[in-house]
Amino acid sequence: MNRSPFSNPYVLILPGFLLSAFIILWPLVQLSQLSLSDVSRFGQIRGFAGLENYISVFSDPDFLGALWRTLIWTVGIVVGSIITALPLAIVLHQDFYGRGLARVIIMLPWAVSLTMTAIVWRWALNGEIGMLNSALTGLGIIDTNIQWLAQASTAFPMQIMIGIMVSVPFTVTIFLGGLSSIPDDLYEAARLEGAGAVQLFTKITLPLIRPFLNIAIVLNTIYVFNSFPIIWATTQGGPANSTDILVTYLYKLGFRFGKLGEASALSIMMFALLLLFTLVYVALAMRGEKE
Amino acid sequence: MSVKWKRTFWSWLFLAPFVLLILFPFAVMFVTAVKPATEVLEPTWWPSELVWRNFLTMWEATNFGPALWNSIYVAVVSTAIAIMVSIPAAYALSRFRFAAKGFFRQFLLVSQMLSPMVLVIGLFKLVVWLGILDNINSVVFVYAAFNIAFTVWMLQSYFSTIPKDLEEAAWMEGANPFKALVKVFLPLAVPAISVTAIFSFINAWNEFVIALTMLRRQEVYTLPIQVFSLVAGRYTVEWHHVMAAALVATIPVAIIFAWLQRYLVRGLAIGAVK
């Protein structure tokens, strides 16, 4: 029986392992090579360049702008979605009529492709004919149309708002998992001791969903950091690169400006950062496993 | 008024602004999609009449049919490939003890988190090297390979919940491991495999940046790229067609997803604990 390949775990794992390792490692090797080379527009390697590509990425003011905006983007969306998701999860955890429906509605943004969501918002935020302006005018909140996507000062906050909206469902689901792991008798016991609602929240709920909070922060950071479609499909990083974050800047660098060497250097740096986030996640997940 | 009704009132009152905000884009999509072409550029909410015909004219005007077919092809084939190589791997993880198990699980966790976005230039080179740029199979290949980490992870977490006894009984009866796997184990694993396959399908269906990079001719566009191409860099955008296309491309998948999302969470959660 043991001679059958179907009882040898290494044989069983091999095809999946090879394919998924190949799709990450092959591009990674290419990127490292390109990032250290003098590369033509068409990907031809003209010679060794040392760290020149890395240096020229750092001396580009557009990169520094995008880097700063990536920080605002990531922190804004992660914090925003956690602050929004926690009360939502607490409400959705209660027993009330129509809870199933409420959960489906809250989950909806997760189900729609980011591209489509962004395109719909691009239309809704249109300055002249967009429905947000017409809705706000109708409600008497504004009296002149706002050109939402025409300048970064309104476009970027709107993009962050869309980002929060699409991240909330995933975050709520993680919190719901956390809340359902807290035994009810803990609350009952605390209530008998005379604890109020605020105390129940800060002394029981918050500490006990702490691991779930950590996971939500790390996973959201990874997803948001990588998120490309919302910005690309609303403004493509414009006007004048003023809403670019690292991923859209990377795409432009590689596929618009044809600076493949610099784009590869940026990729490698982003990959390293992402790997760091991921290792934090793995450490958290494995720690949860041991407990 | 009973306690539960009171709670229902407060809960919905709290949820109301979120529900409004979430449904707003859907309302925009729907209202624009059924507006008469002449009214689309007027910022009114209610159309003078509902023009259902827009959905028919959209089909031709937006090249919807071919893009729909491309999306279905990409999502089905990439899912099939990912599932086929993931079943044995997930089976091995859930049934056998072996030295590299811990390493393989960490490898999966890490690669599940790595987005194709940061590798996009390397992936582009890969596709050029393989000679499949502008070929729909380039996207199939990349999606399949990138989905493996997720599908193996989901499958192994469900496979671990299927009791071992039946296969062991089959071995006792003299069935070889392959036969035990196909005849005894796989039928029990069908629900887990279908749920995982649907999520892999939805991932591929919604993917944007890889398709944007690899597919540059309209004949090979998938739906997100097709709809995006109707909006980006154009002077006149036929918004009623765009919204009708977005609606048709989105709603079926959204319903399936909303219906199945609890399995996704359960699968990922069991995977993280077991």
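**Exercise 1. Is B:Val127 buried or exposed, judging by its C-beta neighbours inside 10 Å?**

Solution, step by step:

- Keep in mind that this is a predicted model.
- Start by locating the residue: B:Val127 belongs to helix 5 of chain B.
- Next, take the neighbour count, which is 22 C-beta atoms inside 10 Å.
- A residue is buried if 20 or more other C-beta atoms lie within 10 Å of its own. B:Val127 therefore counts as buried.
- Now look at its partners. Setting aside neighbours within four places in sequence, B:Val127 is in contact with B:Ile132, B:Leu133, B:Ser138 and B:Met214.
- Finally, compare sequence with space: B:Phe141 is 14 residues from B:Val127 in sequence, and their C-alpha atoms are 9.2 Å apart.

**Exercise 2. Work out how B:Phe18 is classed, and find what it touches.**

Solution, step by step:

- B:Phe18 sits in helix 1 of chain B, which covers residues 3-33.
- Within 10 Å there are 18 other C-beta atoms, so B:Phe18 is partly exposed.
- To find its contacts, leave out residues up to four places away in sequence; B:Phe18 then touches A:Leu88 and A:Ile106.

**Exercise 3. Describe how the two chains meet.**

Solution, step by step:

- Begin with the totals: 80 residues of chain A are in contact with 79 residues of chain B.
- Sort the chain B side by class, and you get 61 nonpolar, 14 polar and 4 charged residues.
- Then zoom in on one helix pair. Helix 1 of chain A (residues 9-35) and helix 5 of chain B (residues 120-129) have axes that come within 8 Å and cross at roughly 105°.
- An angle of 65 to 115 degrees counts as roughly perpendicular, so helix 1 of chain A is roughly perpendicular to helix 5 of chain B.
- List the residues involved: A:Trp26, A:Pro27, A:Leu28, A:Gln30 and A:Leu31 from helix 1 of chain A meet B:Ile121, B:Gly122, B:Leu123, B:Lys125 and B:Leu126 from helix 5 of chain B.
- By class, this helix contact is made up of 7 nonpolar, 2 polar and 1 charged.

**Exercise 4. Trace the largest nonpolar core.**

Solution, step by step:

- The largest nonpolar core holds 174 residues.
- Those with the most contacts inside this core are A:Ile119, A:Phe175, B:Val139, B:Val227 and B:Ala246.
- Ask which element gives the largest share: helix 6 of chain B, residues 136-159, supplies 18 residues.
- Pick B:Val139 for a closer look. Beyond residues up to four places away in sequence, B:Val139 touches B:Val74, B:Ile210, B:Ala211, B:Met214 and B:Leu215.

**Exercise 5. Put the overall descriptions of chain A and chain B side by side.**

Solution, step by step:

- Count the elements: chain A has 13 helices and 2 strands, while chain B has 11 helices and 0 strands.
- Check the spread of chain A. Its radius of gyration is 24 Å, well over the 19 Å that the globule rule gives for 291 residues, so chain A is more spread out than a compact globule.
- Compare the boxes along the principal axes: the C-alpha atoms of chain A fill roughly 75 × 75 × 35 Å, and those of chain B roughly 75 × 70 × 30 Å.
- For burial, 45% of the 291 residues of chain A count as buried, and 47% of the 274 residues in chain B do.
- Last, take the contacts with a separation of 6 or more. Residues 24 or more positions apart account for 68% of these in chain A and for 76% in chain B.

Note on methods:
Residues numbered from 1 in each chain as written. Chains lettered and ligands numbered in written order. Predicted model: local features only at pLDDT ≥ 70, side-chain atom pairs only at ≥ 80, totals over all residues. Contact = placed C-beta atoms within 7 Å. Nonpolar A, V, L, I, M, F, W, Y, C, P; charged D, E, K, R; others polar. Core = buried A, V, L, I, M, F, W, Y, C linked by C-beta atoms within 7 Å. Buried ≥ 20, exposed ≤ 12 C-beta atoms within 10 Å, placed from the backbone. Helix = DSSP H or I, 4+ residues; strand = E, 2+ residues; numbered from the N terminus. Axes fitted to C-alpha atoms, helices over the stretch in contact; angles between N-to-C directions. Parallel < 35°, antiparallel > 145°, perpendicular 65-115°, else oblique. Rg over C-alpha atoms; globule rule 2.2 N^0.38 Å.
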